[in-house]
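Please open the model in your viewer and keep the sequence panel beside it. The tour below goes from stop to stop, saying what to select and what is found there.

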Amino acid sequence: MKIVICDDCIEDLVIIKNLLLTYKRIYPKVEFEMEKFSDAAKLFAKIQRRELADIYILDMIMSEKSGIDIGNQIRKAGNDIIIIYITSSEDYAMEAYGVHAVRYLLKPVKEEKFFEAMDYALSYMSRKTEPVYLLKTKEGFMSIPYSRIEYIENASRHLEVSLMSGERVKSIFIRRSFDEEIQEILNNGGFIQVHKSFIINLSYVKKLTMNSVIMENGRNIPVSRARALGVRKEYLLYVSEEYR
């Protein structure tokens with residue numbers, strides 16, 4: 001995956017670059033190469049030659065070529081390319097909507113807003129490349145890529161999905177059983193039920209003991225006595241295949 005940043009203010013360009021590097025540290029499995037432009041005209045010419053990236057993070061107001069100019073050129077190349085706008089003004093929100101930007105962030109860019117934009121961008125891309133877990137929340141349905149889920153907990157008839165970012169997303173009241181709710185994600189592999197109220201992503205297991213699992217974010221998940229042997233076998237099988 002390739003991500004392009006374009007901002008004619010070097011200071012802001014460095015800020016976005018550092019935010020991307022921080023995001024990469026949080027999600028080490030997200031592989032991308034980064035290309036930076038302070039000259040919008042050079043990027044515009046590159047897009048004209050159809051030398052394209054997957055995600056563009058663009059300043060809106062730049063000399064010679066604006067973020068909208070670049071966005072329109074990107075759209076001529078393809079509708080699946082993701083555009084995130086970053087700007088010091090709210091005046092261009094409608095123009096950003098016109099080129100189907102996924103997010104419009106105001107400077108100074110806050111880390112949590114930028115990370116949410118990246119989460120959404122990757123979720124959008126993953127619809128074609130990896131399965132997502134569809135969670136019904138108070139705000140509506142939320143598509144969560146499996147690779148971002150650390151574990152899911154059944155908490156008083158609500159599903160609490162813990163992401164590797166540290167965010168916890170809560171469903172509305174579930175009417176089906178927990179086993180029914182998680183059956184699809186268990187069938188896709190990489191997840192295992194360790195307790196009547198927990199399933200975990202084996203990719204994020206830090207340590208396994210006979211009665212608990214310690215996850216990457218430090219959460220200690222209980223392993224029921226009835227499942228302990230099966231969990232251990234499944235984890236060892238997963239590790240052996242992962243590092244074969």
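**First stop: a loop residue**

Select Ser89, which counts as buried because its relative accessibility is 13%; buried means under 20% relative accessible area, exposed over 50%, and partly exposed in between, with a 1.4 Å probe and protein chains only. Ser89 sits in the loop between β4 (82–87) and α4 (93–98), where helices (H or I, at least four residues) and strands (E, at least two) are DSSP runs numbered from the N terminus. If you leave aside neighbours within four places in sequence, Ser89 is in contact with Ile61, Tyr104 and Leu106, contact meaning heavy atoms within 4.5 Å.

Before you go on, note that this is a predicted model, in which local features need pLDDT of at least 70 and side-chain atom pairs count only at pLDDT 80 or more, while totals for chains, interfaces and linings use all residues. Residues are numbered from 1 along each chain as its sequence is written, and side-chain values use heavy atoms, with hydrogens and water left out.

**The whole protein**

Zoom out until the whole C-alpha trace is visible, which spans about 65 × 40 × 30 Å along its principal axes. Colour by secondary structure and you will find 7 helices and 15 strands. Of the 244 residues, 45% count as buried.

**Helix α2**

Now select residues 40–48, helix α2, in which Ala40, Leu43, Phe44, Lys46 and Ile47 are buried. Why are these buried residues on the same side of α2? They cover an arc of only 160° around the axis, which puts them on the same side of α2; the arc is that of the directions from the helix axis to the C-beta atoms. Show β1 (2–6), β2 (33–37), β3 (55–59) and α3 (67–77) as well, since the buried residues of α2 pack against these elements.

At the N-terminal end of α2, select Asp39, which caps the helix with a side-chain oxygen that lies 3.0 Å from the backbone nitrogen of Ala41. After α2 comes Arg50, whose phi is positive, near 65°.

**The nonpolar cores**

Next, select Ile55, Ile57, Ile84, Phe114, Met118 and Ile200, which touch the most other members of the largest nonpolar core, a set of 42 residues. A nonpolar core is a set of buried Ala, Val, Leu, Ile, Met, Phe, Trp, Tyr and Cys residues joined through side-chain atoms within 4.5 Å. Helix α5 (residues 111–129) gives the most to this core, with 6 residues. Apart from this core lies another, of 20 residues, among them Cys6, Phe37, Leu58 and Ile81.

**Two cysteines**

How many disulfides does the structure hold? There are 0, a disulfide being a pair of cysteine sulfur atoms within 2.5 Å. Select Cys6, which is in no disulfide, its nearest cysteine sulfur, that of Cys9, being 12 Å away. Cys6 is buried, with a relative accessible area of 1%, whereas Cys9 counts as partly exposed at 29% relative accessibility.

**Last stop: an exposed strand residue**

Finally, select Lys206 in strand β13 (residues 205–208), and decide whether this residue is buried or exposed. Lys206 counts as exposed, at 57% relative accessibility. Leaving aside neighbours within four places in sequence, Lys206 is in contact with Ile214, Met215 and Glu216. Then add Pro108 to the selection: Lys206 and Pro108 are 98 residues apart in sequence and 35 Å apart in space, C-alpha to C-alpha.

Technical notes
Polar contact = N/O pair within 3.5 Å; in protein donor to acceptor, adjacent residues only side chain to side chain.
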